[in-house]
Amino acid sequence: MTNNDIFRRIRYTFDLKDSTIVDIFALAEVSVTREQVAAWLKKDEDDAFVTMKNKELAAFLNGFISFKRGKREGPQPEPEAQLNNNMVFQKLRIALNMKADDVLEVFELVGLPLSHHELSAFFRKPSHKNYRECKDQMLRNFLLGIQRQLRPTQEGSGSNA
């Protein structure tokens, strides 16, 4: 999954307006314009499409955590220059204040039952022997499950949004 695809899916799932997205970036102490947001949301084949960098998606996710849970005291975390699916998954889990059972329930919604052990492997340090890389399909299913939880009447539509 591309950063833009993840960004689009989060925006659709949580019904975020462009102005709200600008505010979310501001919570992470990053300044973006509505034009930048619009360019990131364009389809890949559109001439105005701009690829979202890892640091920009990390800043958005950090701001999203503050948006959903409240801004924490002191300096805000620096957006990571390198980002992988495990980190995106972890940041979304934190933002949504989800426990393991909540995450497993989301995967059940998309017909992908996981065990606690399989799930915890995604959140381990990469150096841990039981660490497991979160593949695109897992992250896509997690985002789809969240979408089905929050927008149950539009289950089929927008899954490509």
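A residue is called buried here when its relative accessible area is under 20%, and in this predicted model both Phe89 and Phe107 are buried by that criterion. The rings of these two residues have their centres 6.0 Å apart and their planes at 80 degrees; because planes over 60 degrees apart count as edge-to-face, the pair belongs to that class. Phe89 is part of helix α5 whereas Phe107 is part of helix α6 (residues 100-109), so the pair ties together parts of the chain that are 18 residues apart in sequence.

In total, twelve aromatic pairs are counted in the model. Another of these is formed by Phe7 and Trp40, whose ring centres are 5.9 Å apart and whose planes stand at 90 degrees, an arrangement that is again edge-to-face. This pair links distant parts of the chain, since Phe7 lies in helix α1 and Trp40 in helix α3 (residues 34-41), with their positions 33 residues apart in the numbering. Both Phe7 and Trp40 are buried. The two residues also belong to one aromatic cluster, which they form with Phe14, Phe25, Phe60, Phe64 and Phe67.

Aromatic rings are also found beneath charged groups. Arg93 lies over the face of Phe123, at 4.3 Å from the ring centre, and the charged end of Arg151 is placed over the ring of Tyr12, at 4.0 Å from the centre of that ring.

Helix α4, which comprises residues 54-69, can be checked against the length expected of a helix. At 1.5 Å a residue, its 16 residues should span 22 Å, and because the C-alpha atoms at its two ends are 22 Å apart, the model agrees with this expectation. The buried residues of α4 include Phe60 and Phe64, together with others such as Leu57, Leu61 and Ile65. The buried residues of this helix pack against three other helices, namely α1 (3-13), α2 (18-27) and α5 (85-95). Just after the end of α4, Gly70 adopts a positive phi of about 100 degrees.

Helix α4 also contributes to the largest pocket of the model, which has a volume of about 200 Å³. Four residues of the lining come from α4, and this is the largest share. Among the lining residues are Asn62, Ile65, Ser66 and Arg69, and the lining also includes Gly70, Arg72, Gln76, Pro77 and Glu80. Asn62, Ile65 and Ser66 are thus listed both as lining residues of the pocket and as buried residues of α4.

Notes: Residues numbered from 1 in each chain as written. Predicted model: local features only at pLDDT ≥ 70, side-chain atom pairs only at ≥ 80, totals over all residues. Heavy atoms only, no water. Expected span 1.5 Å × (residues − 1). Buried < 20%, exposed > 50% of the residue type's maximum accessible area, 1.4 Å probe, protein only. Contact = heavy atoms within 4.5 Å. Phe/Tyr/Trp six-rings, centres within 6.5 Å; stacked < 30°, edge-to-face > 60°. Lys NZ or Arg CZ within 6 Å of the ring centre and 35° of its normal. 1 Å grid on protein atoms, 1.4 Å probe; cavity = no way out; pocket = protein on both sides within 12 Å on 5 of 7 lines; lining within 4 Å. Points joined across faces, edges and corners; volume = space filled by probe spheres on them.
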